[in-house]
Amino acid sequence: MANMLEIEKFSSIHKFGGKGLIDLDKFNQIIKRLDFSKSQLIIVSALAKTTSHLQELLELAVIGNYQIKLQELVEFHQQLAMQLFGSSKIFDDYAKSHIEKLESLLKSVSTLASYDLIVQDYVLAIGEYWSTFILAVIYLKLPHLKILLF
């Protein structure tokens, strides 16, 4: 984890997420706002409505009816990857293990008809993993950008 001295090395800190990460235009706006000649810290939260959809998945799993909502969430991210990269393969390859773990957790939640805060935190964090990956892929395509992951 970064300490304060490491964070102070950055000329600016940016946080993106939610509606700011919903489509190709929003991602392009982010790229235009950044000054790539300076060292910057970029913090990424989940894409638009992803956290609320993940929470809804947990609630639907309690009553045993989460499969359609899970498919919708995955398809939303795949469609965004198609817009950004021309293919969803790079996202699919990255997210495969997350989706498998999420399906397993949701099945357990469905069986138990409940979940605890640890399961909730894990499920909700998946949105941050996915959005960070998507943004990192975009930025890695920029030749002069150096990425530091914490």
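These exercises, each with a worked solution, walk through one predicted model.

Residues are numbered from 1 along each chain as its sequence is written. In this predicted model, local features need pLDDT of at least 70, side-chain atom pairs count only at pLDDT 80 or more, and totals for chains, interfaces and linings use all residues; side-chain values use heavy atoms, with hydrogens and water left out.

**Exercise 1. The chain**

Task: State how many helices and strands the chain has, and in what order the elements run.

Solution:
- Step 1. Start with the term: helices (H or I, at least four residues) and strands (E, at least two) are DSSP runs, numbered from the N terminus.
- Step 2. The chain holds 6 helices and 2 strands.
- Step 3. Read from the N terminus, the order is α-β-α-β-α-α-α-α.
- Step 4. Of the 150 residues, 37% count as buried. Buried means under 20% relative accessible area, exposed over 50%, and partly exposed in between (1.4 Å probe, protein chains only).

**Exercise 2. The length of H4**

Task: Compare the expected span of helix H4 with the distance between its end C-alpha atoms.

Solution:
- Step 1. The expected span is 1.5 Å times one less than the number of residues.
- Step 2. H4 covers residues 67–85, which is 19 residues, so it should span 27 Å.
- Step 3. The end C-alpha atoms are 26 Å apart, which agrees.
- Step 4. Just after H4, Gly 86 has a positive phi of about 80°.

**Exercise 3. The two sides of H4**

Task: Find which residues of H4 are buried, and which on the other side are exposed.

Solution:
- Step 1. The buried ones are Lys 69, Leu 70, Leu 73, Val 74, His 77, Leu 80, Ala 81, Leu 84 and Phe 85.
- Step 2. They cover an arc of only 135° around the axis, so they sit on the same side of H4. The arc is that of the directions from the helix axis to the C-beta atoms.
- Step 3. On the other side of H4, Ile 68 and Gln 79 are exposed.
- Step 4. The buried residues of H4 pack against H2, E2, H3, H5 and H6. Contact means heavy atoms within 4.5 Å.

**Exercise 4. One residue of H4**

Task: Describe the surroundings of Leu 73.

Solution:
- Step 1. Leu 73 is in helix H4.
- Step 2. Its relative accessibility is 2%, so Leu 73 counts as buried.
- Step 3. Leave aside neighbours within four places in sequence. Leu 73 then touches Thr 50, His 53, Leu 54, Leu 57 and Trp 130.
- Step 4. His 53 is 20 residues away along the chain, yet the C-alpha atoms of Leu 73 and His 53 are separated by 7.1 Å.

**Exercise 5. Two helices that cross**

Task: Work out how H2 and H6 are placed relative to each other.

Solution:
- Step 1. Their axes come within 12 Å and cross at roughly 55°. Axes are lines fitted to C-alpha atoms, for helices over the stretch in contact, and angles run from 0 to 180 degrees between N-to-C directions.
- Step 2. H2 and H6 are therefore oblique to each other. Angles under 35 degrees count as roughly parallel, over 145 as roughly antiparallel, 65 to 115 as roughly perpendicular and the rest as oblique.
- Step 3. Phe 27, Ile 30 and Ile 31 of H2 meet Ile 134, Leu 135, Ile 138 and Tyr 139 of H6.

**Exercise 6. A positive phi**

Task: Locate Lys 49 and state its phi and exposure.

Solution:
- Step 1. Lys 49 is in the loop between E2 and H3.
- Step 2. Its phi is near 65°, a positive value in a residue other than glycine.
- Step 3. At 55% relative accessibility, Lys 49 counts as exposed.
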